[in-house]
Amino acid sequence: MTEMLLRYFRKKQKETQTEKIYDTQCPFCSMQCKMQLIEQSTVTRKRYQTIAKDNPTSEGRICIKGLHAHQHAIHGDRIKHPLLKVNGEFQKISWEEAIQLIKEKFTEIQSLHGNDTLSVYGSATITNEEAYLLGKFARVALKTRYIDYNGRLCMSSAASAATQTFGMDRGFTNSIQEIPQTRCMILAGTNIAECQPTIMPYFERAKENGCFIIAIDPRETATTKLADLHLKVKPGMDAALANGLLKVIIEEELIDQSFLERRVDGFSEVKEYIASIDLEEIAELTGVPSEKIVKAATVFGKEESGMIFTARGVEQQTDGSIAVRNFLNILLATGKIGKPFSGFGAVTGQGNGQGAREHGQKADQLPGYRSIENQEHRRYIADVWGIGKEDLPHKGVSAFEMIEKMDEGEIKGLFLMCSNPVVSNPSAAFVKQALKKLDFFVAVDLFVSETARLADLILPATSYLETPGTMTNVEGRVTLREASFPLWGEAKHDWKILCEVAKALGKGDYFSFDSPEEIFEELREATRGGLADYSGITYDRLRQEEGILWPCPDEDHPGTIRLFEHQFAHLNGKAKMIAVSNKPEVEKEKPTEDFPLYLTTGRVMSHYLTGVQTRKSPTLAAREFESYMEIHPATAEKYQIKDQTLVKIESERGSIVVRSKRSEAIRKDTVFVPFHWADSQNVNQLISKKLDPTCKMPGFKVSAVKISPVE
Amino acid sequence: MRKQRLVVIGNGMAGINCVQEILNHQPDAFEIIVFGSEPHYNYNRILLSTVLQGSTKVEDITLNDRSWYEDKNIKLYTGETVTYIDPDNKLLRTDQDREVSYDKAIIATGSHPFVLPILGNDKRGVINFRTIEDCKNIIDMSKHHKKAVVIGGGLLGLEAARGLLHLGMEVDVVHLSKHIMDRQLDPTASIMLQRELESQGVNFLLEKASAEIIGGDSVEGLRFKDGTEVEAEAIIMAVGVRPNINLMKGNRIETNRAIVVNDYLQTNVPDIYAVGECAEHRGVVYGLVKPLYEQGRELAKHICGIDSQGYQGSTLSTQLKISGVDVFSVGDFVGDETTKTITHYDEQANIYKKLVLKDDKILGAVLYGDTKVGNRLVDMINKQKVMTDEEKMLLLQTSDRNSWQVSSMEHTELICNCNGVTKGTILESCQLNNITTVEEIKSCTKASSACGGCKPLVTELLTYIQSEGFDEVIEKVTLCSCTTLTDEELVNELQIRQLRSVDEVMRELGWLTEGGCSTCLSAIQYYLGMIYPEYEKEQPSLFINERMNATMQSDGSFSITPQMYGGLTSAEELRKIADAIEQYNIPQVAITSEQRLTLMGIAQKDLEAIWKKIDLPLSSTYGNTVQNIKTCIGETICTCDKHKALQLAVKIEKTTDYVVTPYRLKMGISACLHNGAGSTTKDVGVIQTDRGWEMYVGGSSGRNVRSGQLLCVADTNKKLYEMVIGFIQYYRETAKYGERSWEWIDRVSLVHIREVLFDDDLRKQLSENLELEMKQRKKIVAELI
């Protein structure tokens, strides 16, 4: 809690009378730092302080977001009661009325238009238990095929790439503790210094130990400062750059021939394609000088160990999935996977970005990373749930495609949990228009978010301080977040809301849970034998062992620290390389005469996702209270944009107004805008609707824009 | 349980350092006994050459004195040599027939100087250079003799030669090969060194093999194999050392060139370890301090049962300890056909640098003249670091002492973003609290205590503070020369002692001057006013109440200014004013820059009548108060709607009327981006935009124009109003008297002010504070009438 400076005693607070301590975990990024909230009560008010707790991942560190996370949870704007929109205004109603209304509306929509006209939109910030239950809720209580979640906009590229290449997707193939020992690493499109600050010491230690760090980013960031070599790539050209690296590695014979022969399929096709490309052409395409490509590839190839980390810079592209695969090609070609200090890390963005993508929130997926179109998998889950296999809906569509279906009128109802799609999806104006067409829209949230404003009914959910449950962190470590803070007003836990709605819909028997632990017990069963196998994990073990890395197939299993040591997860045990063209399947926007600059987007340290929570926190907002556009001074001169003035940024989709920030750290052909702000500052309004053909990720990281000063 | 007994054979640097490491881990685990052949406590052998050179005294080279051994309960036997080890019975025997049992024994017997096996090597005047005794001998000898010859042009020989020069002797250095220090330097550096030492007075006899020492009982000269001779009254043997391993004869401890040990410094015999110059690890016997310490550290961990990788060998580096001569070498500085070399040779500056690289990794280096990067080179070699071109350039560049990133930072810039700690705060706490470690900075200022991301910057800042070039001294600033108290201390004292008047303050707090000065008088009054809202300030202006006040001009006349909130007025008001002007012949009436009418040149006798006649609230902005707001009315550049801006101005002025501030506070409200009110150069300035009100703070349009900084964008009028009031009140409550808004912002940081004002509860509290104060003040004014 921010405290005022006090010169005058009469305003000083009375002595603390009582003190309470709440164990918790930061609600924000994928590090899931353990911490405690200390509540000190005086006669007149309560004071809060957060302290970090030691744990294997963040080692007792927390960043500024964690330190002040409680500020939103105790913010006066939090919703205390269900709110129903009547004549455009939200009015307080009781839970009974709210649940009854949902029952009536959902039943009406489905009986008139069919089961699949209802949809569910989930989140990667909710617990594993809630993510699991939401998937079950959609399929069992609503019997709809349409469920997807905001992880689609975040992790889907890396997830699909790892699945296709390795046969399995766990964020880090190695434990985080191995990072300091690796000899060389490539940080591709990841700004960990801003996004996962508490992971930085692992990378700093690596550097201290002599690791050669290569950063790929169009901008100079706090992360690229750590690097020995910064490849300032043109936005969106990551896949081509990876081809350049591969070319040097193959032609300089820095490949691990025996590894390729024993453990990899598809190398010869890659080799053949690589032979056909020209390094100078790559340099031209990517804007990275060929000497730098050679240096990066040579060091990575020659050092005895190496790791590659990717994040949204590479992934939030319409070729995100294949681009990540091309980086995995580099790991496989050099044999740097499945052994100590060598491996892959997809630096997950959201708090439960890993867990939430394993348990059935995805359109095509069932718990335990099972496929909804695999007969055996369907049968297994149907059995666990006690329903007929034929009653299990088939796969739906991705998050943005669901919104398109709302716009087309095919989807008529929406149950939204813990997400703000109006701000986070591309073409925000279109998203708003689509949501407005819904017959009935229920939003479950802490606040009246930009999206919740459009809802017919808002249900108050509990915050991270109030809801216990498991979260799977950036490594793939399952952690238990304790929570015992008193519930806010009439707010209910997400899982409780799901159970009550299901009961109203006559499916109470399938949702008779009284605690997250009971849900987890069912989740264990549901994941047993799946890729993401949690069956050996219990709450007690999580408490004792401070988290367990999955897969963990039985209670005596210690968890899996390093993946792929002996085989990959494909049926033949081999990894799959694939030739990746310099020209992506979905063409990316390039600067034109009308829209002459690249736009790329990202995070700042003091905010998280669409900022619904962090913008409410005074301490975090104090650091960045509005959006901005980073621009090279030379470019700014050209377009007559003075520093710290308002500038209009336009793309074919729309326009926003933000303040300019001149900086030498960015390419001259590119501007950068962070994405935590809404309305006239919502940069996602400028993003195209095009999606990655594999994983349906929108291309957040490249657009063509024009800019002009606001007079 | 009986403590384990640890016996250390050898009281030199290696053995005692290891003991120290053990005690660091486990202060009470062992009963420790140490035997040393020399009659001294542990001393720093390396500094012996600086003793010869006169820069250190013998007394100053002791590392651990008697009290240390006593404190640590270590039983020390000096001048006593262990002569026999019986591993089977775990027993030791000494030359004084003492028998001691051990549970664990560490052999740290070091080495002895090698004496050339030539004729005459036993003559008086042939001296080694290894111990304190040797050192004393040389010094004694120099008192009676003029000419010395040093055999051996290696590190020790050269240091000895330089020492002999210092002692006033003529010195010849005899060396077997063509280049001195040929094991540590390449020919280029060797020749540079030779030239330098020659210029200091050393004479070199190179490629000379000694054959015989000539003379009677005492040394008279040295004959070489080539038949030539040189005169000498003393000969210093500096041709290397041999490990002391005599003790191992007759027992089963394995030796080769020295005692063979594994990575945990274990010999082949259980519970017997060897460390230092007497140990041979992976075929290497080390003779430098750093490896010995590294060995000691690993051995201590092993003995204390702490998991470790064990000793992995050391990268050897050499630094010559001769004042004014900077020579350094490390690793493989010769290279072969697979390596590449980068050299930088500046004959003018007498600087030479050579790096030997393989695959962009450094294998070795020689530095002459500028050796500052020496430690970094060792580090890079140890880490097998792949070098970037920039790193190579940095190593080759002549080191720049002022290349600190932190030195160019402003004191107000944030170092720790999480906890909002500025450079100034860290400087201050380092200097005022004598802080010397990053950990102390962390606990004292909270910098780097959260995510740790700024730790490198904090570390750099600390190194910078401790560097020679550091000159950003922070001193305690007192309120004025009338007192030794700072503002902060004064405010505290006022409250603790409950002082209520200027006289009382000056008396109780030991004012140094009679009656103070204008600075402290105003400051004390301001602070008393903040502490006691009922405190009535002495004012040079005439203030009875809101309808009865005036400002005295330098000519003795008065001026009055009817309050027209927001600059708005009416026919009725104007008529009253016009009537008064006419009736009392007020000589001058002007429109102020803050949109008011001011009536000037009024005689004191007319004041009361005029007040009565006008009967309007009057504006009194004399001195350090909130000034009337400048608006953009009348700006013709645009036709934007100015209504909202006016409304706001009126509302804010009504709340802040007569509010006293640490320094005059000017405000401006502009209705659009054209910024007609000059809002960006006001203490508080707002501009209306499509998204809401931009609020700038800390601007100034005084003699030194300053741009305001954007504090926030408020989306509603209500929010803006709250932010403005909150800002003014927080400034009042926390600024020092006389501190301009921008100075205050720089001191407490804009981010901190936002943290407070963005917090709904705190903002509300601030506006309540102001309201309460105003109420109390108005009540007092009312009572006075």
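Guide: Two residues are in contact if their C-beta atoms, placed from the backbone, lie within 7 Å. The model is predicted: local features need pLDDT of at least 70 and side-chain atom pairs pLDDT 80 or more, while totals for chains, interfaces and linings use all residues. Residues are numbered from 1 along each chain as its sequence is written, with chains lettered from A and ligands numbered from 1 in written order.

Visitor: Against which elements do the buried residues of helix 15 of chain A pack?

Guide: Helix 15 of chain A spans residues 375–385 (helices, H or I of at least four residues, and strands, E of at least two, are DSSP runs numbered from the N terminus). Its buried residues (20 or more other C-beta atoms within 10 Å of their own) are His377(A), Tyr380(A) and Ile381(A). They cover an arc of only 90° around the axis, so they lie on the same side of helix 15 of chain A. That set packs against strand 14 (365–366), strand 15 (370–371) and helix 20 (516–527) of chain A.

Visitor: Which residue follows helix 15 of chain A?

Guide: The phi of this residue is positive, near 75°. The residue that comes after helix 15 of chain A is Gly386(A).

Visitor: Which strands stand at the edges of the open sheet of chain B?

Guide: Five strands of chain B form this sheet in the order 33-34-35-36-37, with mixed pairing (at least two DSSP bridges per pair). Two of the strands each have a single partner, so one side of each lacks a neighbour in the sheet. These are strand 33 (626–631) and strand 37 (709–714) of chain B.

Visitor: At about what angle does helix 19 of chain B run to strand 36 of chain B?

Guide: Helix 19 (residues 717–734) of chain B lies across strand 33, strand 34, strand 35, strand 36 (692–697) and strand 37 of chain B. With axes fitted to C-alpha atoms and angles taken from 0 to 180 degrees between N-to-C directions, helix 19 makes with strand 36 of chain B an angle of about 15°.

Visitor: Which element gives the most residues to the side of chain B that touches chain A?

Guide: The contact takes 34 residues from chain B and 37 residues from chain A. Elements giving two or more residues to the side of chain B include helix 13 (487–496), helix 15 (518–531), strand 37 and helix 22 (760–784) of chain B. With 4 residues, the one that gives the most is helix 21 of chain B.

Methods. Buried ≥ 20, exposed ≤ 12 C-beta atoms within 10 Å, placed from the backbone. Arc of directions from axis to C-beta.
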